[in-house]
Amino acid sequence: MVETGYRIDDGYIASHNGARSGDMRRDYESLGERLHRRGIGIEDIAARAAALTVALPSWATGTGGTRFGRFPGAGEPRNVFEKLADCATVHQLTRITPRVALHIPWDRPHDPGELAGFASSLGVGFDAMNSNTFEDEKGQRLSYKFGSLSHTVAAVREQAIAHNLECVEIGRALGSKALSIWIGDGGNFPGQVDFRGSYERYIASLKAIYERMPGDWFLYIEYKLFEPAMYSTVLNDWGSAYHAATAVGPRAYCLVDLGHHAPNVNIEMIVARLLQLERLGGFHFNDSKYGDDDLDAGSIKPFQLFLIFHELVNAAAHGRGAGVPEPAYMIDQSHNVTDPVESLLASVEEIQRAYVQALLVDRAALAGCQEANDAVMALRTLKAAFTTDVAPILATARVRAGGAADPLTAFRESGYRARKERERR
Ligand SMILES: [Mn+2]
């Protein structure tokens with residue numbers, strides 16, 4: 001039996017909330033009154049805020065580091081069980097992160113049944129399985145130095161396919177329903193990689209994986225314009241991902257990682273396109289100033305995050321085709337200077353905030369502005385939603401679900417990390 005270790009007491013959360021309940025109620029009522037004047041029912045918005053779910057990546061519970069170094073903090077998880085315990089703590093405080101995405105081989109369980117039982121004892125389940133062919137595992141027969149699913153040598157491609165199928169097998173035992181693939185394949189120098197051949201080999205490898213996945217599983221393919229390959233990557237952009245997904249089959253979808261674009265790319269428009277074409281599988285949320293910075297969601301471009309959710313809410317109003325899944329939301333970030341749990345709490349709050357703000361957009365008014373080509377009022381309509389302080393809705397939705405009014409403060413004051421420092425020597 002695996003030890004859970006210290007957990008935050010629900011009584012502690014209740015007293016944290018109790019100390020804030022008067023202010024919370026007044027703020028919520030006041031916001032409710034103001035939204036009512038705009039024709040919006042606050043209770044409906046609070047219910048939708050509570051229904052949002054975001055998956056946590058197991059790998060974001062530890063300090064990520066950069067290629068220059070890593071400065072881990074004390075009390076960080078040492079294994080997949082401790083990562084799950086930290087994720088469960090984020091869920092306990094926020095109540096909208098009930099699933100964890102695993103990464104193989106980093107999280108490969110000796111006994112998937114034991115891991116599934118442990119997760120359920122913590123009240124969390126499993127999201128997409130993430131494969132890794134961007135580095136060599138200890139003892140691996142063939143190297144991925146020059147690629148994996150698109151490698152020029154068939155035996156390397158077969159090894160990478162087998163690894164992805166192993167991820168599916170583990171995922172089946174855990175109750176996962178999706179495989180996410182990101183490859184580091186590409187070239188550092190002009191001429192190094194044959195663009196056409198490598199893309200064809202990549203798609204053929206995806207098909208080999210897809211054909212052997214269970215019929216109720218989804219395949220998410222994640223593109224990235226550069227890194228670790230600095231000159232060209234095999235799956236560089238959403239157009240290549242869209243074509244690959246359609247070539248592979250109806251359960252293959254594109255995954256948008258916000259950090260995988262060039263600076264200033266209009267990501268919300270990519271989102272709108274993929275939604276319209278019914279191939280948006282989901283997101284990896286994070287934020288960046290320069291490249292794949294993997295900063296906490298909403299820390300640099302909160303307006304962009306809001307505009308992305310605006311497109312998602314728009315698309316939901318249009319409805320989805322038969323069999324098209326709801327986009328899956330996941331955080332994918334790396335922490336170098338912050339406590340990883342605190343950063344996750346901050347990101348979860350920003351994602352939920354952007355979603356709730358997007359729900360407040362007066363869509364009829366916006367459509368009128370668009371018909372009339374009124375650019376100033378169109379932007380003002382969006383800004384009216386974006387500048388609304390929705391914190392009282394977030395806090396109320398969390399508290400009603402058993403979470404904390406202020407998750408970050410509650411976490412800090414609970415002494416969780418200090419307890420983990422003693423447990424995780
Ligand atoms: Mn990602």
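These are my notebook entries on what I looked up in this predicted model.

**Entry 1: the whole chain**

I began with the overall picture. The protein chain has 16 helices and ten strands. Its C-alpha trace spans about 65 × 60 × 40 Å along the principal axes. For 425 residues, a compact globule would have a radius of gyration near 22 Å, and the protein chain agrees with that at 22 Å. I then looked up burial, and 45% of the 425 residues count as buried. I also checked how far apart in sequence the contacting residues are. Taking contacts between residues at least 6 apart, 79% join residues at least 24 apart.

**Entry 2: the sheet**

Next I traced the strands. Eight of them form an open sheet in the order β1-β2-β3-β4-β6-β8-β9-β10, and the pairing is parallel. Which strands are at the edges? They are β1 (56-57) and β10 (328-331), each of which pairs on one side only.

I picked one pair to follow more carefully. Strand β8, residues 252-257, pairs with strand β9, residues 280-285, in the parallel sense over four bridges. In that pair, Leu 255 stands opposite Gly 282 of β9. I also looked for a helix on the sheet and found α11, which lies across β1, β9 and β10. Its angle to β10 is about 145°.

**Entry 3: the core**

The largest nonpolar core has 109 residues. Which of them touch the most other members? I found Ile 221 and Cys 254. Helix α11 (residues 340-359) gives this core its largest share, ten residues, and α11 is also the helix I had noted across β1, β9 and β10.

I stayed with Cys 254 for a moment, since its number falls within β8 (residues 252-257). Setting aside neighbours within four places in sequence, Cys 254 is in contact with Ile 221, Trp 238, Ala 241, Tyr 242, Ala 245, Leu 274, Arg 279, Leu 280 and Gly 281. Ile 221 itself falls in β6 (218-222), while Leu 280 and Gly 281 fall in β9 (residues 280-285).

**Entry 4: helix α4 and what follows**

Helix α4 covers residues 80-94, 15 residues in total. From first C-alpha to last it reaches 21 Å, close to the 21 Å expected at 1.5 Å a residue. Is α4 enclosed or exposed? Of its 15 residues, 14 are buried, so α4 is largely enclosed by the rest of the structure.

Just after α4 comes Arg 95 with a positive phi of about 65°. Arg 95 sits in the loop between α4 and β2. I counted it as buried because it has 20 C-beta neighbours inside 10 Å, and 20 is the cut-off for that label.

**Entry 5: other backbone details**

I noted a second positive phi at Glu 278, about 60°, although this residue is not a glycine. Glu 278 lies in the loop between α9 (267-276) and β9. Is Glu 278 buried or partly exposed? With 14 C-beta neighbours inside 10 Å, Glu 278 counts as partly exposed.

Last, I looked up cis peptide bonds. One joins Ile 104 and Pro 105, with omega about 15°. Pro 105 is placed in the loop between β2 (99-103) and α5 (112-122). Another cis bond joins Glu 227 and Pro 228, with omega about 0°. That Pro 228 is in the loop between β6 (218-222) and β7 (232-233).

Terms used. Residues are numbered from 1 along each chain as its sequence is written. This is a predicted model: local features need pLDDT of at least 70, side-chain atom pairs count only at pLDDT 80 or more; totals for chains, interfaces and linings use all residues. A nonpolar core is a set of buried Ala, Val, Leu, Ile, Met, Phe, Trp, Tyr and Cys residues joined through C-beta atoms within 7 Å. A residue is buried if 20 or more other C-beta atoms lie within 10 Å of its own, exposed if 12 or fewer, and partly exposed in between; C-beta atoms are placed from the backbone. Helices (H or I, at least four residues) and strands (E, at least two) are DSSP runs, numbered from the N terminus. Two residues are in contact if their C-beta atoms, placed from the backbone, lie within 7 Å. Two strands pair if DSSP finds at least two bridges between them. Axes are lines fitted to C-alpha atoms, for helices over the stretch in contact, and angles run from 0 to 180 degrees between N-to-C directions. The radius of gyration is taken over C-alpha atoms; the globule rule is 2.2 Å times the number of residues to the power 0.38. The expected span of a helix is 1.5 Å times one less than its number of residues.
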